[in-house]
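Student: I have a model open and want to test the words used for it. Can we go through them one by one?

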Amino acid sequence: MFKKIFYLVVITCFIFVIVGLFLPSDVHLERSIGINRPPSTVFALLNGFSTFSAWSPWSQRDPDTVFSYSGPLFGAGAHMSWRGDPRLVGSGWQEITASEPFSSIRLKLELDQVGTAYPYFQLQPIGPGVTLTWGFDMNLVENQEFLTGILMKYFGLFFDSWIGTDFEQGLVRFKAFAESLPAGDFSDIDVAIVDVEPLDILYVTMGGRESAGGIAAGLEAAYREISALMTAQSIQNRAQPMAITRAWDEENYEFEAAIPIPPVAVELTGRVRAGKSPAGRAVRMVHRGPYESMPASYGKLAAYMAVHGIKEGRISWEHYISDPAKTPPGEAITHIYFLIEDPAQEQP
């Protein structure tokens, strides 16, 4: 009886190994979902790990998981590692290896006690939105011992149902997260994170409750008053005019119409005051075109800042780089600035 059991075990093990030799060594799976946001939004959210925990299907399984980050915030080299309960999320790391703006992102994933895998995201524009595909490739026997590789091949038969379900849940969560953000397409904007130095300025403060037309007329009158003072005292402007927003809501505002000047003595008259322009870490967008088209640029910049987690500070301003007397409206250049609440933000 013992011999029969022994031979049965040996034969079973032999069949197990022989069948395992012919099982696929590679695993491939992917899931897709439609997202009602531009490719620029979807790409920016996936091209780094700062928002990963907001939509990851594994983020709620073990609240005590410890995450760490290194490398750049966005793009190739961005690296995230984690260590959690081995029964829930285990430990490992993943790193972005390549990213093609608005179309694809590739990663390398190292799972302790499992092996190396290669996830990817592909974006296909569909109307105003995008179809997002989340895929996964893995060689089950790479760097594995013989018997471990055979076992991994058997596990590979269930990968599509196990990991595929997680991918489906993650995509649903990602869709909800992405669609909670502003919908502006910022793929064509010229934006950077800069350190702004203060300038000496002469300015006139404006405030109250005005229509857009009233604000424009008020700025024009303020610039005339400042220019008249500068002409009377032979003061040259150091740069083109600025409009600094100190406060803004649906009913009230506080602006400063300002002109940068050299550091010279000034005898102040009327409403004109002397001071400094805003300074510090700021996001700067270059607007090209007439002033009337600037609301669309503000919308795109708002979407860019929201997607990249840049918190708007208390002050924003416009710097009119082009001389309106010499530049056609369609060629005018205006720099739009927002101070950043968190100066630790880096260039995406």
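Tutor: Yes. Helices are DSSP runs of H or I with at least four residues, and strands are E runs of at least two. This is a predicted model. By that count the protein has seven helices and 15 strands.

Student: What makes residues 294-307 a helix of the expected span?

Tutor: Helix α7 has 14 residues. The expected span is 1.5 Å times one less than the number of residues. From first C-alpha to last, α7 reaches 20 Å, close to the 20 Å expected.

Student: Why are Met294, Ser297 and Leu301 called buried?

Tutor: Buried means under 20% relative accessible area. Those three count as buried, and so do Ala303, Tyr304, Met305 and Val307 in α7, by that cut-off.

Student: What covers the buried residues of α7?

Tutor: The cover includes helix α2 (39-46) and strand β8 (190-196). Strands β13 (280-288), β14 (312-320) and β15 (333-340) are also among it. Just after α7, Gly309 takes a positive phi of about 70°.

Student: What makes a set of residues a nonpolar core?

Tutor: Its members are buried nonpolar residues joined through side-chain atoms within 4.5 Å. The largest such core here has 51 residues. Leu132, Phe136 and Phe174 touch the most other members.

Student: Which residues does Phe136 contact, leaving aside neighbours within four places in sequence?

Tutor: Among them are Val27, Leu29, Leu109, Tyr120, Phe159 and Ile163. A second, separate core of 19 residues includes Met206, Ile215, Ile226 and Phe255.

Student: How much of the whole protein is buried?

Tutor: Of its 348 residues, 42% count as buried.

Definitions and conventions: Residues are numbered from 1 along each chain as its sequence is written. This is a predicted model: local features need pLDDT of at least 70, side-chain atom pairs count only at pLDDT 80 or more; totals for chains, interfaces and linings use all residues. Side-chain values use heavy atoms; hydrogens and water are left out. Buried means under 20% relative accessible area, exposed over 50%, partly exposed in between (1.4 Å probe, protein chains only). Contact means heavy atoms within 4.5 Å.
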